[in-house]
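Colleague: I have a structure open and would like to learn how to read it feature by feature. Could you take me through it?

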Amino acid sequence: MSPVDLRARARSRSQFTAAVGEVAGRAAVVARLGAEESDRAITLDAGEALRAAVELALEKRLPIVGFVSATGPDVAGGITSVHGWGVAARALVSASGVVPILLCVTGPMLSGPALLLGVADLVVMAEETFAFVSGPAMVEQFTGVPTAADDLGGAAMHAARSGVAALVVADSAAAEAVGRLLRFLPSHVDEIPQRLPTDDPPDRAVPELAEVIPESAVGGYDVRAVLASVADDAAVTELRAGWAPNLVTALAAINGHPVGMVANQPQHLAGTLDIAASQKGARFVSFCDAFNLPIVTFVDTPGFQPGKDLEWRGMIRHGAQLAFAYAAASVPRICVTLRKSYGGAYIVMDSRYMGNDMAYAWPTAEIAVMGAKGATEILHRKAEAAERAALEEDYAARLLNPYRAAEGGSVDAIIDPADTRREVADALALLASKREEIPANRHSNTPL
């Protein structure tokens, strides 16, 4: 670390230290909470110290990197200990969208302070750690079901079920993982992310992508192969890989320029959008927009996943989150339709009518209200089976292709899959000077 600008220690049983330092060569305000097992209770002093660290980060315009562990408010300290994590939460919220906030969980993160993880932009969890608001004893008291700490809030659970953990790594790799994420990010909102070194030519052909789409219309494939082919040196850092795997969100670089990548994953739920995928995509798109990362979206989805349970749980609200995030994003946005793009999912996956800057499609793209079978059942429900088959074939030939969409202005160009990297790199260069006037409203009312 460089010379200390701030070093604060709580006066009771909680410990907090912070200093301007470096993480993997990047300057940041590096904070440590609960480094010692005996000093993990949050006090008011610790909350005030974290607030001072956030103020330092805002003054210096530097990312906040926190290595955190907390067993909850200091019980011996009374209600003022609860105030401690409230002060910490408000401080982090004041920095949200101004400087990147990365928290790395190095030990237990319990009770109210665990909610600080939800405020962070990205959370890295060490493999043996856990985090929860209500612990196993309280869960058993209320439900009668005994639960182990790992099952309730272990790192593996947060990677697969809650979406809290962007990355789960070995304890020894935690700092390296945080540094890897910082490489893609600017120091603050008014800065463009630094270009990353690469010898990978931007016009490199990717002929392997011509073989990605299966012959069967319902065949699956791993969309991450597309992302790797387009990215510099095939280097893609996937975030929240285990949560809502039907949508891939990742950081990468193209011609050295950091970008955010969003892609439907046909290997899981056929690439449909459900509640978790909508939340995951919306959070990531908003994150990219906050820190000037262009967004490249790869589309292959037959629509929103149907189901009574999903509708009851708020598919309308959560699906709107993804639409809201794309519509509000002012960074350069490039959309590439690989295969299916139907109905409402077509719109929310950064379609032209969501305001994207460049829309490409492969020749295999099917941009339509719905698939041929569903459309024929609606339009010709009284037709005989033989006639219906012919009608499906006719519908597919006329409407399930990108050329009709291009005629209507929904697609800018139909490109050879082998040219995808070059076309995206050219579009990013063209859009590098893009600027949008931000409306002067107090804030948007996001459909949370």
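**Reading charges, helices and backbone angles**

Modeller: Let us begin with Glu 127, which is partly exposed, with a relative accessible area of 46%. Please keep in mind that this is a predicted model.

Colleague: Where is the place of Glu 127?

Modeller: Glu 127 sits in the loop between β7 (122-126) and β8 (131-132).

Colleague: And which residues gather with Glu 127 in a patch of negative charge on the surface?

Modeller: Its partners in that surface patch of negative charge are Glu 128, Asp 150, Asp 151 and Asp 171. Residues enter such a patch only with over 30% relative accessible area and no salt bridge, and Glu 127 has 46%.

Colleague: That brings me to salt bridges. How many does the structure hold?

Modeller: The general idea is that side chains of opposite charge can pair when their charged atoms come close. This structure holds 18 salt bridges. One of them joins the side chains of Arg 61 and Asp 190, with 2.5 Å from N to O. Arg 61 is in the loop between α1 and β4 (64-70) and Asp 190 in the loop between α7 and α8, so this pair ties together parts that are 129 residues apart in sequence. Arg 61 is partly exposed, at 27% relative accessibility, whereas Asp 190 is exposed, at 61%.

Colleague: Are Asp 300 and Arg 339 buried or exposed?

Modeller: Both Asp 300 and Arg 339 are buried. Their side chains form a salt bridge as well, at 3.0 Å from N to O. Asp 300 belongs to strand β13 (residues 295-301) and Arg 339 to strand β14 (residues 333-342), so parts 39 residues apart in sequence are tied together by the pair. You can also look for a network of salt bridges, which links Asp 200, Arg 204, Asp 232 and Arg 421.

Colleague: How do I read a salt bridge within a helix? For instance, which residue does Glu 176 pair with?

Modeller: An α-helix has 3.6 residues a turn, so residues three or four places apart point the same way. Here, Glu 176 pairs with Arg 180, and their closest N and O atoms are 3.5 Å apart. The two residues are 4 apart in helix α7, which puts about one helical turn between them. Glu 176 is partly exposed at 47% relative accessibility, and Arg 180 is partly exposed at 28%. Glu 176 also has a contact to look at elsewhere in the chain: its C-alpha is 6.8 Å from that of Ala 24, although 152 residues separate them along the chain.

Colleague: What span does helix α1 reach, and which of its residues are buried?

Modeller: Helix α1 (residues 44-60) has 17 residues and spans 24 Å from first to last C-alpha, close to the 24 Å expected. Its buried residues are Ala 46, Gly 47, Ala 49, Leu 50, Ala 53, Val 54, Leu 56 and Ala 57.

Colleague: What phi does Arg 61 take just after α1?

Modeller: Arg 61 has a positive phi of about 60°. Asp 233, not a glycine either, has a positive phi of about 55°, and its place is in the loop between α8 (224-230) and β10 (237-239). For Ala 244 the positive phi is near 45°. Ala 244 lies in the loop between β10 and β11 (247-254), and it is buried at a relative accessible area of 6%.

Key
Residues numbered from 1 in each chain as written. Predicted model: local features only at pLDDT ≥ 70, side-chain atom pairs only at ≥ 80, totals over all residues. Heavy atoms only, no water. Expected span 1.5 Å × (residues − 1). Buried < 20%, exposed > 50% of the residue type's maximum accessible area, 1.4 Å probe, protein only. Patch = residues over 30% accessible without salt bridge, like charges linked within 9 Å, V, L, I, M, F, W, Y side chains within 5 Å. Areas by Shrake-Rupley, 256 points an atom, 1.4 Å probe, with all protein chains shown as cover. Salt bridge = Lys/Arg side-chain N within 4 Å of Asp/Glu carboxyl O. Lys, Arg positive; Asp, Glu negative; His and termini not counted. Charge placed at Lys NZ, Arg CZ, Asp CG, Glu CD.
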